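Please look through the sequence and the model shown here before reading on. The paragraphs after it are meant to be read with the structure open beside them.

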Amino acid sequence: MRRSGADDMRILPHVALATRVLKRVIIGSPMRSENAGHALLGKRLALPIFASDALSSVAYATQEILLVLTVGGTAFLYLAPWIAVAVVVLMAAVVMSYRQLVKAYPTGGGDYEVATKNIGPAAGVVVASALLVDYVMTVAVSVSSGVDNIISAAPSLHHARVEMALIFVVLLAAVNLRGLKEAGLAFAAPTYLFATGVFLMIGTGLFRTFFSSRPVAESAHYSVITQHGYSQLGFLALLFFTLRAFSSGCTALTGVEAIANGVPAFKPPKARNAQLTLVAMGAIAVSMFVGITALALISKVHITDPTTTSCELKEAGKVLANCQHDPQRTVIAQVAGAVFGGPHSVGFFYIQATTALILVLAANTAFNGFPLLGAILARDKNLPGQLNNRGDRLAYSNGIVALAIVAMALIAIYKADVSRLIQLYIIGVFTSFTLGQTGMVRHWNRLLRGETTTAESRQMRRSRLINGFGASLSGVVLVIVIITKFTKGAYLVLIAMPILYLIMRAIHKHYSRVSRELESDDTSLSLPARNHVVVLVSKVHKPTLRALAYARATRPDTLTALTVNIDPNDTQSLMEQWAQHDLPVPLTVIESPYREITRPIIDYVRQLRIDRPRDVVSVFIPEYVVGHWWEQLLHNQSALRLKGRLLFQPGVMVTSVPWLLDSSQAAAERPLRPDGPAAPAPLPVEEAPARG
């Protein structure tokens, strides 16, 4: 049975209501603009929100070091403690450097603002492109790593890894669309539970090592098959090999910059609270990284990347397991199993649950940093202005949605494979580190030139020394990362960053050009000499009569009713009806031998402008509005195309005169929602302005 138009009209309001209810369930009720201050965060909430990425990275930083070292076999694991020490020194230097940045630039621009103000706009855009790539990779890597830890506890879910990762990204986006405060409340407990579990695991493991039986990992008896050519390495080859492992371990530093970018979200005193949170984050992250690395070496975790090396568990010469066919558990999972008594213990499942949860929720750091940075870039005309608009819950909704879409695309392309995604990760991080700290050195140099107080000068020189050391160290690491990871996929980031840079420069150039064109030194309103009105006519009906009446009400200097002769019979009939109605406006007919509508009208209007260059031409287009989407398919869109062409004609004003059909009355009479703006009305369908 076919449904009637009246049935459609009764259903449409229910569909719109269901859509609004679903949106409110996911996002929540709109918040007033003056409530923006209520979303500010204290230190206890800011730590899990902005530091979850840096804290969770310890779950895979040790693993990345071991994956590289075991390419050459277990003999190279003796390098792991020295690499861990180097990572800790780098982490301390970066944290100390960012403390100076937060104090000097508490407005939340972070490395972008520092580089822009102290090095130049081009450097700022380079930093911005690096940070945008870094935030996208944070979501993809963190969520994929979280899924890996879920699979470590439940291997049967291995084939659903991509679907699980995509669902987690959607859920994170939905939570963040509800607003910053709600995201903090949702993510605070998992972050603290993870940190508590890791410290409990470290304490238990070290206690067993010194006072009881040493924990032994499930892979301790695996013999690693050395990749060809790694049995004997020369000095330079060994140095490159070590640097490659170090660059992989530097993933522990991801997320450190998030606090500097999110200072405006802190409660006053913003800078002080951000500095304290940054120090707490650094201390916790370093402690967990050192502890996990120590336990991994104590318990003899042997983990390999099946794509580069292989390992076998042998007993009496018989192969019991093979890493290429039997996926290994993650390093933190193996350590937890060794410490708490196996992969079926309560402690093991607690560590795996909190690790998977914090890794997934670590992507929230990017969901806070990316929209904030996008809003700052939009404010500076480097990205579309829509990214600076707040949604119903005072969050930068467009930035959240854009980040989710790009991250989901990466996860789908790389099949949620952490080993492949991690290679794209830290180039953006250290690019922003290096340029940001270099900008801070120039900042202190500028202030020192005008400072006369001895105490202040001493403080500035100390800060300059810290930032200089951080910039030098970050620059060296950036070079190492590019060289050691270039062939592993890092070249894609080196392609993506220049593309983003060029896009942002082009957007800025466009906005600047438009701004210059719209500026006016003359504030007086100069009136046109005359106004010539043209009303487009297709037939004598209500929309045409309303357009004529409205045009006459504007009191133009001249008024012309215009139609295009496509079919002589139809045109003759129109002229007869015009005469019968005795309309007080002359009807002008223009010829169209090729049955075109748009071109003859454009030529007519253009000729009016040529004949009277100091005058303006106003074109009135009758149209009617339909209520159902499918009705749009039943009517031609010649008027829509015509309006698009007329808008490009200088000195021409285009006015639509709508006529609402019965099917659109429901939309027109729908009351405003009490909690926000009304739902969008159906799109109008323009009636053809001439016969055809």
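What follows goes from the overall make-up of the chain to its salt bridges, a buried cysteine, some backbone details and the surface patches.

The model is a predicted one, and its secondary structure comes to 23 helices and eight strands. Of the 692 residues in the protein, 50% are buried. The protein exposes about 32200 Å², and carbon and sulfur atoms supply 62% of that area. Among the contacts in the protein with a separation of 6 or more, 81% are accounted for by residues 24 or more positions apart.

The charged pairs offer a way into the fold, and the count of salt bridges comes to seven. One of them joins Lys-117 to Glu-113, with the closest N and O atoms 2.9 Å apart. Both residues belong to helix 5, which covers residues 110–118, and they sit four residues apart, about one turn of the helix. The two partners fall into separate classes of exposure: Lys-117 counts as exposed because its relative accessibility is 54%, whereas Glu-113, at 11% relative accessibility, counts as buried.

A second salt bridge runs between Arg-161 and Asp-148, where the closest N and O atoms are 2.7 Å apart. This pair links distant parts of the chain, with Arg-161 in helix 7 (residues 161–177) and Asp-148 in helix 6, 13 residues apart. Helix 6 itself covers residues 121–153. Arg-161 and Asp-148 are both buried; for Asp-148 the relative accessible area is 19%, and the residue is classed as buried because the cut-off for that class is under 20%. Leaving aside neighbours within four places in sequence, Asp-148 is in contact with Thr-330 and Val-418 as well as with Arg-161.

A third salt bridge connects Asp-615 with Arg-530, and here the closest N and O atoms are 3.8 Å apart. Asp-615 lies in the loop between helix 21 (598–611) and strand 7 (616–625), while Arg-530 lies in the loop between helix 18 and strand 4 (531–536), so the pair ties together parts that are 85 residues apart in sequence. Asp-615 is buried, with a relative accessible area of 7%, but Arg-530, with 35%, is partly exposed.

Where does Cys-250 lie? Cys-250 is placed in the loop between helix 9 (235–249) and helix 10 (258–261), and because its relative accessibility is 0% it counts as buried. Not counting residues up to four places away in sequence, Cys-250 touches Val-87, Leu-90, Ile-426, Phe-430 and Val-477. In addition, the C-alpha atoms of Cys-250 and Ala-86 are separated by 9.2 Å, although these two residues are 164 residues apart along the chain.

Some backbone details also deserve attention. Most residues other than glycine have a negative phi, and most peptide bonds are trans. Against that background, the peptide bond from Pro-268 to Pro-269 is cis, with omega near -10°, and Pro-269 is found in the loop between helix 10 and helix 11. Lys-381, which is not a glycine, has a positive phi of about 65° and is placed in the loop between helix 13 (346–379) and helix 14 (397–413). Ala-416, also not a glycine, has a positive phi of about 55°, and its place is in the loop between helix 14 and helix 15 (418–421). Is each of these residues buried or partly exposed? Lys-381 counts as partly exposed, at 42% relative accessibility, whereas Ala-416 is buried, with a relative accessible area of 0%.

The surface, finally, carries patches of charged and of nonpolar residues. Lys-43, Arg-44, Lys-267 and Arg-272 gather in a patch of positive charge. Within that group, Arg-272 lies in helix 11, which covers residues 270–298, and counts as partly exposed because its relative accessibility is 44%. A nonpolar patch is formed by Phe-486, Tyr-491, Leu-492, Ile-495, Ile-499 and Ile-503, which together have about 510 Å² of accessible area. Ile-499 is found in helix 18, residues 491–518, and is partly exposed, with a relative accessible area of 46%.

How values were computed: Residues are numbered from 1 along each chain as its sequence is written. This is a predicted model: local features need pLDDT of at least 70, side-chain atom pairs count only at pLDDT 80 or more; totals for chains, interfaces and linings use all residues. Side-chain values use heavy atoms; hydrogens and water are left out. Patches are made of residues with over 30% relative accessible area and no salt bridge: like charges are joined within 9 Å, nonpolar side chains (Val, Leu, Ile, Met, Phe, Trp, Tyr) within 5 Å. Accessible areas come from the Shrake-Rupley method with a 1.4 Å probe; for residues, only the protein chains shown count as cover. A salt bridge is a side-chain nitrogen of Lys or Arg within 4 Å of a carboxyl oxygen of Asp or Glu. Lys and Arg count as positive and Asp and Glu as negative; His and the chain ends are not counted. The place of a charge is taken as NZ of Lys, CZ of Arg, CG of Asp or CD of Glu. Helices (H or I, at least four residues) and strands (E, at least two) are DSSP runs, numbered from the N terminus. Buried means under 20% relative accessible area, exposed over 50%, partly exposed in between (1.4 Å probe, protein chains only). Contact means heavy atoms within 4.5 Å.
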